Amino acid sequence: MKYYVNENCIGCGLCVSTCPDYFTMADTGVAVAMDAPVPVEHEGEAANAAYGCPVDAIEQVG
Ligand code: SF4
C-alpha cells in the first residue's frame, strides 16, 4: 500500500500528526508522503490519515 499527496493539500498538518512516520511537511507548506510503500506496522495510521484529510488530498496508489 502506498499513498501520495495531491495538489488539494492545504497544509493543515493532520496527516503528519496522525502518521508522522509516513507523512511530513515540506518546506513549501504542504504535506508529502514517503516515496515508498507504507511499512506494515504503520498501515493503520496511514489509512486513518488518508481518511481524515479534510480535502481528500491523500490518494492511495497500488
Ligand atoms: S491532512 Fe490533507 S490537507 Fe492536511 S496536511 Fe495532510 S494532505 Fe494536506
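Which residues does Val 55 touch, once those up to four places away in sequence are set aside? In this predicted model, the residues that Val 55 touches under that condition are Asn 8, Cys 9 and Ile 10. Val 55 itself is placed in a loop, the one that runs between helix α2 (43-52) and strand β4 (58-61). A further relation to the early part of the chain is given by Glu 7, whose C-alpha atom is separated from that of Val 55 by 10.0 Å, although the two residues are 48 residues apart along the chain. As to its surroundings, Val 55 counts as partly exposed because its relative accessibility is 27%, a value that falls between the 20% limit for buried and the 50% limit for exposed residues.

Cys 9, one of the residues touched by Val 55, leads on to the interior of the model. A search of the whole structure finds 1 cavity of 30 Å³ or more, and the largest cavity holds about 90 Å³ of space. Its lining is made up of 16 residues, and those nearest the centre of the cavity are Cys 9, Cys 12, Cys 15, Ala 31 and Cys 53. By character, the lining of this cavity divides into 14 nonpolar and 2 polar residues, with no charged residue.

The largest cavity is also the space taken by the ligand. Around the ligand there are 14 residues, of which Cys 9, Cys 12, Gly 13, Cys 15 and Cys 53 come nearest. The shell that these residues belong to contains 12 nonpolar and 2 polar residues, and no charged residue is found in it.

Notes:
Residues are numbered from 1 along each chain as its sequence is written. This is a predicted model: local features need pLDDT of at least 70, side-chain atom pairs count only at pLDDT 80 or more; totals for chains, interfaces and linings use all residues. Side-chain values use heavy atoms; hydrogens and water are left out. On a 1 Å grid over the protein atoms alone, a cavity is a set of points where a 1.4 Å probe fits but cannot get out, and a pocket is an open set with protein on both sides within 12 Å along at least five of seven lines; lining residues have an atom within 4 Å of a point. Grid points are joined across faces, edges and corners, and a volume is the space filled by probe spheres set on the points. Ala, Val, Leu, Ile, Met, Phe, Trp, Tyr, Cys and Pro count as nonpolar, Asp, Glu, Lys and Arg as charged, and the others, Gly among them, as polar. A residue is near a molecule or strand if one of its heavy atoms lies within 4 Å of it. A molecule sits in a cavity or pocket if more than half of its atoms lie within 2 Å of its grid points. Helices (H or I, at least four residues) and strands (E, at least two) are DSSP runs, numbered from the N terminus. Buried means under 20% relative accessible area, exposed over 50%, partly exposed in between (1.4 Å probe, protein chains only). Contact means heavy atoms within 4.5 Å.
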